[in-house]
Amino acid sequence: MLHRVTPSEWVINDRRYPVDDPRNVVGCVYEYADTEVEVVWLRDLPLSARYANAQEVLEEVARIQDPSRATRPIPIPHLPPLYAT
């Protein structure tokens with residue numbers, strides 16, 4: 001959830017955790033110019049620190065935490081051992 005704190009600042013909250021749980025706050029978004037925002041991540045997420053807008057940040061967080069993006073393991077073909085001749 002994207003929560004506006006000031007006209008140029010937002011907080012990203014994870015509603016899976018209660019409000020008093022520190023894991024509830026994912027990051028802080030700051031608008032420095034009309035064309036760009038900067039994010040300070042409060043969790044270890046492999047995401048960028050700059051985006052075009054706050055909504056794009058929220059979409060990236062949702063994408064990275066989506067369990068359906070995981071794939072099944074790729075099977076490795078098993079071959080019989082080679083015989084020394």
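Here is a short tour of the protein chain, one selection at a time. Keep in mind that what you have open is a predicted model.

**Stop 1: the whole chain**

Start with everything shown as a cartoon. You should find one helix and five strands in the protein chain. Follow the sequence from its start and the pattern reads β-β-β-β-β-α. The radius of gyration is 20 Å, well over the 12 Å that the globule rule gives for 85 residues, so the chain is more spread out than a compact globule. Its C-alpha atoms fill a box of roughly 75 × 30 × 20 Å, taken along the principal axes.

Now switch on a surface. The accessible surface of the protein chain comes to about 6,800 Å², and carbon and sulfur atoms account for 57% of that. As for what is tucked away, 27% of the 85 residues count as buried.

Want to colour by charge? There are 9 positive and 13 negative charges in the protein chain, and the mean positions of the two groups lie 9 Å apart.

**Stop 2: the sheet**

Go back to the cartoon and select the strands. In what order do the five strands sit in the sheet? The order is β1-β2-β3-β4-β5, in an open sheet with antiparallel pairing. At the edges are β1 (2–6) and β5 (50–51), each pairing on one side only.

**Stop 3: β1 and β2**

Select residues 2–6 for β1, then add residues 9–13 for β2. These two strands run antiparallel, and four bridges join them. To see one of the bridge pairs, pick H3 and look across to V11 in β2.

**Stop 4: E9**

Stay in strand β2 and click on E9. Is E9 buried or partly exposed? Its relative accessible area is 29%, so E9 counts as partly exposed; to be buried, a residue would have to be under 20%.

Next, show the side chains around E9. Leaving out residues up to four places away in sequence, E9 touches H3, R4, V29 and Y30. For a longer jump, draw a distance line from E9 to Q55: the two are 46 residues apart along the chain, with 12 Å between their C-alpha atoms.

**Stop 5: β2 to β3**

Now add residues 25–33, which make up strand β3. How many bridges link β2 and β3? There are five, and the pairing is antiparallel. A good pair to select here is W10 with V29, its bridge partner in β3.

**Stop 6: β3 to β4**

Add residues 36–41 to bring in strand β4. Six bridges hold the place between β3 and β4, again in the antiparallel sense. The two strands form a hairpin, with two residues between them. Select E31 and you can look across to V37, its bridge partner in β4.

**Stop 7: A33**

Finally, click on A33, a residue in strand β3. A33 has 36% relative accessibility, so A33 counts as partly exposed. Draw one last line, from A33 to N53: these residues are 20 apart in sequence and 9.9 Å apart in space, C-alpha to C-alpha.

**Before you close the viewer**

Zoom out to the whole chain again and think about contacts. Take the contacts with a separation of 6 or more: what share comes from residues 24 or more positions apart? In the protein chain, such residues account for 17% of those contacts.

Key
Residues are numbered from 1 along each chain as its sequence is written. This is a predicted model: local features need pLDDT of at least 70, side-chain atom pairs count only at pLDDT 80 or more; totals for chains, interfaces and linings use all residues. Side-chain values use heavy atoms; hydrogens and water are left out. Buried means under 20% relative accessible area, exposed over 50%, partly exposed in between (1.4 Å probe, protein chains only). The radius of gyration is taken over C-alpha atoms; the globule rule is 2.2 Å times the number of residues to the power 0.38. Contact means heavy atoms within 4.5 Å. Accessible areas come from the Shrake-Rupley method with a 1.4 Å probe; for residues, only the protein chains shown count as cover. Lys and Arg count as positive and Asp and Glu as negative; His and the chain ends are not counted. The place of a charge is taken as NZ of Lys, CZ of Arg, CG of Asp or CD of Glu. Two strands pair if DSSP finds at least two bridges between them.
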